[in-house]
Structures are given as structure tokens and as C-alpha cells.
Amino acid sequence: MKIKLVWIGRSKDKNFADLIDQYRKRLSHYCSLEIAELKELKPGRLSAAELMKKEAELLLRQVADQDLMVLMDERGRQWTSMELSQWLQAKMNIATPRMTLVIGGAWGVDAKVTQRADRIWSLSKLTLTHDMARVFLIEQIYRGFTILRGEKYHNE
């Protein structure tokens, strides 16, 4: 399976960047993984709505027409790790060409991004920093694959 993670901005903290890189390496045993870190736009003279529209253009350029797009949003559906692994398996069973998971910018995402999404997930009801959300997302994808393989990473 091919998975693409797309988000606005880069981690300014080396510890978070290192964690993401560790999980990227671990996931290479299970899937083809690509990460697109898009340049963070500075508000300056732009309103939040204008900023989200510009970010929407950047984000949607990263999503191919045939991609299954999953938007990470606090208002989305929450999953257990087991549910996520079963969902991943179902998508592999129907030969989904590529799954693209998107994390928007600090102001959220424009309606165009939400409309394009095939699924909307929430990692938590808690407010997470973008760095934490990125780490949680990549870790849960890794956990999902280890569950599918029956590996000891997940205890249940």
C-alpha cells in the first residue's frame, strides 16, 4: 500500500522530527510512505480565511484524483487502534492505490479541503500541537500495520 502524509509546516523541534523519522523507517517494512511538508504561510496581511484558501491550494495539489484522502480534524471520527488496523486491511483488500492523510495549518482548513476528503478522522478530543498530531498519526499508522501482522507492538 502507498501512503502519503501531507501537512503544513515543518517541526521546529528536532526531537519531533527525529520521532517522525524513526516511524518513517519502521513503516518502510509495511508500506511505501511519502511525507510532504508544505511551506507554512505567514499570516501577515492575510485574514485567516485567505490563509486557509491559499493553504487549501497547496494541500490539494498533493492529492491525486484517485487518492483516498483522509483529513485529520478534531471534529472527525475517532478510532481505536484495532478499528484503524481493520480499516487499513479493508483498503488493502480493495487495492486502494494511495491513501493521502492531511493535517491542515494552524487556522484549520478551507471548506474545499473538507469537501475533497473521503474520510475525516480525529486523533483526540484534546487539542494537540501540530508536532504532536504528526507523531501520533504516523505512530498509529505503524501500530495499525503491526496489529495486522500480529506483532508484539500492540497488546490486546
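Two strands count as paired if DSSP finds at least two bridges between them. Keep that in mind as you click through this predicted model.

**Stop 1: the sheet.** Start by selecting residues 68-78, which make up strand S3, and add S5, residues 119-122. S3 and S5 pair in the parallel sense, over five bridges. For one of the contacts along this pairing, pick Arg77: its bridge partner in S5 is Trp121.

Now bring in the other strands. The sheet is open, has five strands and runs in the order S2-S1-S4-S3-S5, with parallel pairing. Which strands stand at the edges? Those are S2 (32-38) and S5 (119-122); each has a single partner strand, so one side of each is left without a neighbour in the sheet. If you look at how the strands lie against each other, neighbours are turned by 30° on average, direction ignored.

**Stop 2: the helix on the sheet.** Select residues 130-148 to get helix H5, which packs on the sheet and touches S1 (2-8), S2, S3, S4 (98-103) and S5. Its direction makes about 170° with that of S1. How many residues does H5 have? There are 19, reaching 27 Å from the first C-alpha to the last, close to the 27 Å expected at 1.5 Å a residue. Colour H5 by accessibility next: 14 of its 19 residues are buried, so the helix is largely enclosed by the rest of the structure. Just past H5, check Gly150, whose phi is positive, near 70°.

**Stop 3: the annotated site.** Step back to the stretch ahead of H5. An unreviewed UniProt entry places a "binding site" feature at Gly104, Leu123, Ser124, Lys125, Leu126, Thr127 and Leu128. Of these residues, Gly104, Leu123, Ser124, Leu126, Thr127 and Leu128 are included in the lining of the largest pocket.

Zoom in on two of them. Leu126 sits in the loop between S5 and H5, and so does Thr127. Buried or exposed, what is Leu126? Leu126 is exposed, at a relative accessible area of 62%. Thr127 is exposed too, with a value of 75%.

**Stop 4: back to S3.** Finish on Glu74, which lies in strand S3. With a relative accessible area of 55%, Glu74 counts as exposed, because the cut-off for that label is over 50%. Then draw a distance from Glu74 to Phe136, C-alpha to C-alpha: the two are 62 residues apart in sequence and 13 Å apart in space.

Note on methods. Residues numbered from 1 in each chain as written. Predicted model: local features only at pLDDT ≥ 70, side-chain atom pairs only at ≥ 80, totals over all residues. Heavy atoms only, no water. Helix = DSSP H or I, 4+ residues; strand = E, 2+ residues; numbered from the N terminus. Axes fitted to C-alpha atoms, helices over the stretch in contact; angles between N-to-C directions. Contact = heavy atoms within 4.5 Å. UniProt positions renumbered as here; feature names shortened; annotations may be inferred. 1 Å grid on protein atoms, 1.4 Å probe; cavity = no way out; pocket = protein on both sides within 12 Å on 5 of 7 lines; lining within 4 Å. Buried < 20%, exposed > 50% of the residue type's maximum accessible area, 1.4 Å probe, protein only. Expected span 1.5 Å × (residues − 1).
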